[in-house]
Amino acid sequence: MADVLLRRLRRRAVAACALMLVGYFLVPVEADPNGLRLALRSIGTAALVAVIAFLVTGQVRRQLVRDQPTGRDEDRALTRLAVALIAGLLVFALGDYVMANTRPGEFVGLRTRVDALYFALATLTTVGYGDVHAQGQIARVAVCAQMVFSIGVVATGASIVVKQMTQRSRRR
C-alpha cells in the first residue's frame with residue numbers, strides 16, 4: 001500500500017512539473033505597449049517569485065526542524081520541495097525571457113524560452129558557461145536576485161532533498 005501511495009505521489013509531482021513546463025512555454029509574454037498592463041504583469045511576476053520563495057523556504061524550514069517527518073509525510077514534504085524548486089527555476093527563466101524581449105540589449109545570447117531556461121538553470125546551479133549572460137544593468141540586478149535565491153533557497157532545498165533521500169535509502 002505504501003509503495004502505491006509513493007508512486008501516486010511521484011506521478012503527481014511529475015505531472016505538476018510537466019504542467020508547469022508546458023505553462024512556461026505557452027504563457028503569453030510579448031511586449032505590451034499599455035503601461036498599466038505591463039505594470040500589472042510585472043507586479044504579478046514579482047508576487048509569483050515571492051510566493052515561490054515563501055513556499056520553498058517553508059518546505060526547507062519544515063525539513064530543518066528537529067522532529068523531521070517520516071514515512072508518507074517525509075515523502076510528501078520532499079516531493080513538495082522538489083516541485084517548488086522546479087517552479088522557482090521556471091519563474092526565473094520566464095522573467096529572464098520577458099526581460100530579454102522587452103529590453104533588447106539586457107542579455108547577450110538569450111533569444112528563446114529554451115535559452116532563458118538554459119540560462120536560469122546555469123545560473124541557479126552556479127555553472128555559468130558565459131555564452132548567455134546579462135549585459136544591461138537591469139538584467140544584472142535580476143541575475144543577482146537569482147543568485148541570492150540560488151544560494152539561500154535552492155541550494156539549501158536541494159541539499160535537504162538529497163540528504164533526506166540518502167538517509168531514507170540507508171534506513172531501508
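The lining of the largest pocket in this predicted model is made up of 15 nonpolar, six polar and four charged residues. The space enclosed by this pocket amounts to about 640 Å³, and of the 25 residues that line it, those closest to its centre are Arg41, Ser42, Thr45, Gly95 and Val98. Helices H2, H3 and H5 are the elements that contribute two or more residues each to the lining.

These three helices also take part in the largest nonpolar core, to which H2 (35–64), H3 (71–102), H4 (113–124) and H5 (137–171) each supply at least two residues. The core comprises 30 residues, and the positions with the most contacts inside it are Val56, Phe107 and Leu110. Helix H3 provides the largest share, with twelve residues. For Leu110, once neighbours within four places in sequence are left aside, the contacts are with Asp96, Tyr97, Ala100, Asp115, Ala116, Phe119 and Val132, a list that includes the charged residues Asp96 and Asp115.

The UniProt record, an unreviewed entry, assigns the feature "transmembrane region" to residues 41–60, 81–100 and 138–162. In the model, the stretch 81–100 is 100% helix and 0% strand, and the C-alpha atoms at its two ends lie 29 Å apart. The range annotated as 81–100 takes in Gly95 and Val98, both of which are listed among the residues closest to the centre of the largest pocket.

Two charged residues, Arg113 and Asp3, were examined with respect to their surroundings. Arg113 is located in helix H4, and because its relative accessibility is 13%, below the 20% limit, this residue counts as buried. When residues up to four places away in sequence are not counted, Arg113 touches Tyr24, Phe25, Leu26, Val27, Pro28, Val29, Leu94 and Tyr97. Tyr97 is thus named among the contacts of Arg113 and also among those of Leu110.

Asp3, by comparison, belongs to helix H1, which spans residues 2–26. With a relative accessible area of 53%, Asp3 lies over the 50% limit and is therefore classed as exposed. Although Asp3 and Arg72 are 69 residues apart along the chain, their C-alpha atoms are separated by 9.9 Å; Arg72 falls within the range of helix H3 (71–102).

Definitions and conventions. Residues numbered from 1 in each chain as written. Predicted model: local features only at pLDDT ≥ 70, side-chain atom pairs only at ≥ 80, totals over all residues. Heavy atoms only, no water. Core = buried A, V, L, I, M, F, W, Y, C linked by side-chain atoms within 4.5 Å. Buried < 20%, exposed > 50% of the residue type's maximum accessible area, 1.4 Å probe, protein only. Helix = DSSP H or I, 4+ residues; strand = E, 2+ residues; numbered from the N terminus. Contact = heavy atoms within 4.5 Å. UniProt positions renumbered as here; feature names shortened; annotations may be inferred. 1 Å grid on protein atoms, 1.4 Å probe; cavity = no way out; pocket = protein on both sides within 12 Å on 5 of 7 lines; lining within 4 Å. Points joined across faces, edges and corners; volume = space filled by probe spheres on them.
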